[in-house]
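Reader: I am new to reading protein models and would like a close look at one part of this one. Could you take me through the open and enclosed spaces, and then what sits around them?

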Amino acid sequence: MGMVGGGVGAFMGAVHRSASALDGQFEMVCGAFNRDASKNVQTGQSLGIPEQRVYDSWRQLIYGEANLPPNERMEVLVIVTPNHLHANISEAAINAGFHVFCEKPASITLAEAQKVAQALETSDRLYGLAHTYLGYPMVWQAREMVLAGDLGRLRKIYVEYPQGWMSERQEAEGDQQAAWRSDPARAGVSGCMADIGTHAFGMAEFVSGQRITELCGELRAHLPGRRLDDDGVALFHTSEDASGVLMASQVCVGEENALKIRLYGDKGGLEWHQMEPNSLLHRRLGEPPRMLRAGIDQPRLYPAARDRCRLPGGHPEGYLEAMGNLYQSFACAVRQGMCGSAPGVPGIAEGLRGMAFIETIVESQKSDRKWLPIPDVG
């Protein structure tokens with residue numbers, strides 16, 4: 001694989017490199033890691049990449065790799081740049097004959113994401129989207145339980161993602177991670193909702209197996225001078241008449257990475273917390289609640305969850321293992337010659353859904369209408 005972005009000091013680049021290495025299926029062979037030439041070279045050296053395959057730009061990387069013999073060039077391009085580059089790089093890589101594994105969101109507009117989808121339709125390449133939390137075993141257990149009818153008819157979905165790291169104006173103090181996330185030119189029309197609200201949205205649709213069809217939303221920037229939202233909430237309805245609440249915020253002081261989801265049907269409920277990812281609380285009508293645990297409760301887990309457990313019970317698995325599950329599934333699909341999407345990996349369909357959600361909640365914030373439909377894309 002090659003990588004665009006993820007140079008010295010970038011959080012997500014190191015995460016992707018570590019996760020992709022867990023199963024020995026990927027080798028880092030090239031990259032364009034940073035616009036700063038010295039940092040770009042430094043990153044390549046630290047990874048043991050030959051100097052001639054550390055490229056000055058993503059365009060040079062795609063051109064240079066495409067002109068290597070097939071048995072020498074990269075197969076998969078990993079994109080860990082700010083949002084505004086995701087779609088252009090993805091489209092160019094697909095058209096040049098490379099598979100793409102991209103950080104979310106897929107783009108900064110729905111129209112851009114649709115161009116990536118069109119490129120995939122006319123190619124034999126794969127596209128994966130790094131909705132990392134969908135790699136956790138107990139998220140798959142929750143999904144399988146809902147689809148199997150263990151909760152009965154789904155009534156209510158609560159999903160929230162509070163963080164506190166932008167509770168002050170870090171972007172005004174030189175924090176590059178905060179700077180691009182609060183810059184409309186690089187982040188798009190939304191800040192917090194595009195960054196972490198899309199994770200909550202994707203989690204709700206994935207676990208419930210239902211599409212969110214309409215919403216009533218509010219976005220806010222709590223800090224004076226901040227150009228994009230740092231907080232937001234939405235009421236929503238699903239395709240099968242469940243209702244729900246989605247909250248995402250980066251100004252909840254003291255919160256770390258507290259993604260969680262609760263679902264309630266007419267026979268029971270489920271609750272999962274990202275910061276305690278090996279546990280899934282199952283509430284049953286008329287019975288005491290029970291806790292399902294990854295690794296320990298193997299006989300009681302559905303195969304889709306068991307297959308994603310890597311360690312024996314009592315050995316904590318976390319964020320890297322969840323992303324590693326996505327990379328493992330993506331590698332399997334590459335080896336099998338699949339195209340479009342890889343089983344078990346969010347793809348362009350989820351990317352389109354995420355962008356439709358972002359644009360709809362931004363429109364809802366501006367509109368006087370109570371409910372706005374989410375376009376039926378993906």
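**Pockets, cavities and the rings around them**

Author: Sorted by class, the residues that line the largest pocket are 18 nonpolar, 18 polar and 10 charged. The model is a predicted one, and the values given here are computed from it.

The largest pocket holds about 1200 Å³ of space. Its lining consists of 46 residues, and those nearest the centre are Ala10, Val80, Pro82, Gln177 and Trp180. Six elements each contribute at least two lining residues: β1 (2-5), α1 (11-21), α3 (58-66), α4 (86-95), α7 (176-181) and α9 (192-208). Of these, α7 gives the most, with four residues.

The second largest pocket comes next, with about 390 Å³ of space. Two or more of its lining residues come from each of α6 (137-147), α9 and α12 (348-366). The lining has 20 residues, and Arg143, Gly202, Glu205, Phe206 and Glu350 are nearest the centre. By class, eight are nonpolar, seven polar and five charged. Helix α9 therefore has a part in both linings, since α9 supplies at least two residues to the largest pocket and two or more to the second largest.

Two of the residues nearest the centre of this second pocket, Arg143 and Phe206, are also in contact of a particular kind: the charged end of Arg143 sits over the ring of Phe206, 4.5 Å from the ring centre. A similar arrangement is found for Arg308, whose charged end sits over the ring of Trp140 at 3.6 Å from its centre.

Helices α9 and α12 also meet through a pair of rings. Phe201 and Phe357 are stacked, with 4.5 Å between the centres and 15° between the planes. Phe201 belongs to helix α9 and Phe357 to helix α12, so the pair ties together parts that lie 156 residues apart in sequence. Both rings belong to buried residues: Phe201 has 3% relative accessibility, and Phe357 has 2%.

The whole structure has 10 aromatic pairs. In another of them, the rings of Tyr158 and Tyr264 have centres 6.3 Å apart and planes at 80°, so this pair is edge-to-face. Tyr158 is in strand β6 (residues 154-162) and Tyr264 in strand β10 (residues 260-265), 106 residues apart. Here the residues are partly exposed, Tyr158 with a relative accessible area of 29% and Tyr264 with 25%. Ring pairs also link Tyr133, Tyr136, Tyr161, Trp272 and Tyr319 into a cluster.

Now the enclosed spaces. Three cavities of 30 Å³ or more turn up in the whole structure. The largest of them has about 40 Å³ of space. Its lining is made of Met166, Arg181, Ser182, Gly191, Cys192, Arg226, Leu228, Asp229 and Gln250. These divide into three nonpolar, three polar and three charged residues.

Cys192, one of the residues lining that cavity, leads to a last point about cysteines. A disulfide needs two cysteine sulfur atoms within 2.5 Å, and by this rule the count is zero. Cys252 is in no disulfide, as the nearest cysteine sulfur, that of Cys192, is 8.5 Å away. Cys252 is partly exposed, at 23% relative accessibility. For Cys339 the closest cysteine sulfur is in Cys332, 15 Å away, which is too far for a bond. Cys339 is partly exposed as well, with a relative accessible area of 46%.

Notes. Residues are numbered from 1 along each chain as its sequence is written. This is a predicted model: local features need pLDDT of at least 70, side-chain atom pairs count only at pLDDT 80 or more; totals for chains, interfaces and linings use all residues. Side-chain values use heavy atoms; hydrogens and water are left out. Buried means under 20% relative accessible area, exposed over 50%, partly exposed in between (1.4 Å probe, protein chains only). On a 1 Å grid over the protein atoms alone, a cavity is a set of points where a 1.4 Å probe fits but cannot get out, and a pocket is an open set with protein on both sides within 12 Å along at least five of seven lines; lining residues have an atom within 4 Å of a point. Grid points are joined across faces, edges and corners, and a volume is the space filled by probe spheres set on the points. Ala, Val, Leu, Ile, Met, Phe, Trp, Tyr, Cys and Pro count as nonpolar, Asp, Glu, Lys and Arg as charged, and the others, Gly among them, as polar. Rings of Phe, Tyr and Trp (its six-membered ring) pair if their centres lie within 6.5 Å; planes under 30 degrees apart count as stacked, over 60 as edge-to-face and the rest as tilted. A charge sits over a ring if NZ of Lys or CZ of Arg is within 6 Å of the ring centre and within 35 degrees of the ring normal.
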